[in-house]
Amino acid sequence: MPDATAEKQKEASKQAVPHVSKADGKAEGESGSGKMRAWRGCTYDDYRDHAMRDYPLPSRMALGFVVAVVWVFTKIVWPWRIDGGEKLWGDRREGEPGRMIVMNHVSMFEPVAMYVAMYFHGLRCRFIYKSEFDKIGILSWLLSRAGAIPVERGTADLKAVRRAERALKRGEYVLVYPEGTRIRTDDQEVTIHGGFALMAQMGRAAVQPAAVVGARDITPAGTHWKRLFWRVFLKVGDPITFDELDVKGRKAKVAAMEKLAMERVYALRDELRAEHPGKN
């Protein structure tokens with residue numbers, strides 16, 4: 001007769017090996033695996049960890065409706081335009097990784113404009129936001145449904161890094177603001193948070209610089225009143241790959257990418273300011 005202890009150990013070892021889904025190569029129970037169901041009470045983390053294409057149909061329909069409303073509203077109230085947008089959505093190839101988009105940050109407007117523009121061009125985009133916003137219940141709910149990724153500032157937030165990495169590998173785009181906070185004046189001290197380059201490297205993605213002018217002045221300094229019909233301009237630059245960096249070594253490439261990408265962001269901003277005098 002077979003030894004009972006040996007049989008128990010064999011059975012335990014079988015249970016310890018996770019089943020891997022043929023569809024996505026993930027073990028069942030791993031973050032982002034398993035089907036999302038509309039009426040089964042998906043958590044915020046379900047939305048952050050699953051592919052956006054796998055969101056339940058009602059959630060995708062609601063997101064599309066909200067994006068359409070926001071598009072129409074913002075185009076009327078604060079007319080905006082993206083120059084060079086075809087560099088984002090014009091050369092997209094099926095099966096390739098997404099891209100890490102980096103921008104200067106002057107208001108809450110430019111993340112909205114970039115997100116809805118990319119959505120209507122068939123690109124699914126997640127943006128990185130500070131986790132403090134999750135203290136506002138309804139805002140946390142909305143951000144999770146939009147696929148946004150919270151990050152704890154001032155820490156090595158590996159969960160946010162891994163989420164961004166998986167999103168990029170799936171072909172989703174990730175939008176990040178390395179300045180970390182809204183820059184309200186040119187005299188404001190700026191600290192660049194360079195984690196975006198590491199996320200891009202891990203996700204095997206190119207980094208694409210972009211910039212905005214005009215959004216800062218929607219709310220004039222010293223007041224909470226909004227200017228109506230104030231034009232906002234955005235501009236997208238060419239993507240930067242790690243292969244084109246003239247340095248060797250993973251850490252050196254990350255540092256070089258951080259520096260070059262932000263130089264390109266500020267160069268785009270200065271080009272916009274020259275093209276549209278009076279816009280900051």
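This is a short guided tour of the structure, stop by stop, with a residue or two to select at each one.

**The whole chain**

Keep in mind from the start that you are looking at a predicted model. Show everything as a cartoon and you should find nine helices and seven strands. Of the 280 residues in the protein, 45% are buried. Now switch on the surface: about 15,700 Å² is exposed, and 56% of that comes from carbon and sulfur atoms. How much of the contact count comes from residues 24 or more positions apart? Among contacts with a separation of 6 or more, such residues account for 70%.

**Stop 1: aromatic rings**

Next, colour Phe, Tyr and Trp. The structure holds eight aromatic pairs. Select Trp-78 and Phe-109, which make an edge-to-face pair with 6.0 Å between ring centres and 80 degrees between the planes. Follow the backbone away from each ring: Trp-78 belongs to the loop between helix H3 (57-77) and strand E1 (80-83), while Phe-109 is in helix H5 (residues 109-120), so the pair links parts of the chain 31 residues apart. Are these two rings buried or exposed? Trp-78 is buried at 13% relative accessible area, and Phe-109 is buried too, at 9%.

Now pick Tyr-129 and Phe-133. This pair is stacked, with centres 6.4 Å apart and an angle of 25 degrees between the planes. Tyr-129 has 5% relative accessibility, so it counts as buried because the cut-off is under 20%. Phe-133, at 23%, is partly exposed.

**Stop 2: a cluster and two arginines**

Select Trp-71, Trp-80, Tyr-119 and Phe-120 together; they form one aromatic cluster. Stay on Tyr-119 and add Arg-124, which lies over the face of that ring, 4.0 Å from its centre. For another arginine over a ring, go to Arg-227: here the ring belongs to Trp-230, and the distance to the ring centre is 4.5 Å.

**Stop 3: a loop on show**

Jump to Ala-156, in the loop between strand E4 (149-151) and helix H7 (158-170). With 70% relative accessibility, Ala-156 counts as exposed. Then add Gly-195 to the selection. How far apart are Ala-156 and Gly-195 in sequence and in space? They are 39 residues apart along the chain and 8.9 Å apart from C-alpha to C-alpha.

**Stop 4: salt bridges**

Time for charged side chains. There are 18 salt bridges in the whole structure. Start with Asp-83 and Arg-81, whose side chains meet at 2.9 Å, N to O. Asp-83 is buried at 19% relative accessibility, whereas Arg-81 is partly exposed at 37%.

Move on to Asp-186 and Arg-273, another salt bridge, with 2.9 Å between the closest N and O atoms. Where in the chain do these partners sit? Asp-186 is in the loop between strand E5 (173-176) and helix H8 (195-202), and Arg-273 is in helix H9 (residues 250-275), 87 residues apart. Asp-186 is partly exposed, at 48% relative accessibility.

Then select Arg-269 and Asp-270, whose side chains form a salt bridge at 3.3 Å, N to O. Asp-270 is partly exposed, with a relative accessible area of 40%.

For the last selection, choose Asp-45, Arg-48, Asp-49, Asp-134, Arg-163 and Arg-166: salt bridges with shared partners join them into one network.

Methods. Residues numbered from 1 in each chain as written. Heavy atoms only, no water. Helix = DSSP H or I, 4+ residues; strand = E, 2+ residues; numbered from the N terminus. Buried < 20%, exposed > 50% of the residue type's maximum accessible area, 1.4 Å probe, protein only. Contact = heavy atoms within 4.5 Å. Areas by Shrake-Rupley, 256 points an atom, 1.4 Å probe, with all protein chains shown as cover. Phe/Tyr/Trp six-rings, centres within 6.5 Å; stacked < 30°, edge-to-face > 60°. Lys NZ or Arg CZ within 6 Å of the ring centre and 35° of its normal. Salt bridge = Lys/Arg side-chain N within 4 Å of Asp/Glu carboxyl O.
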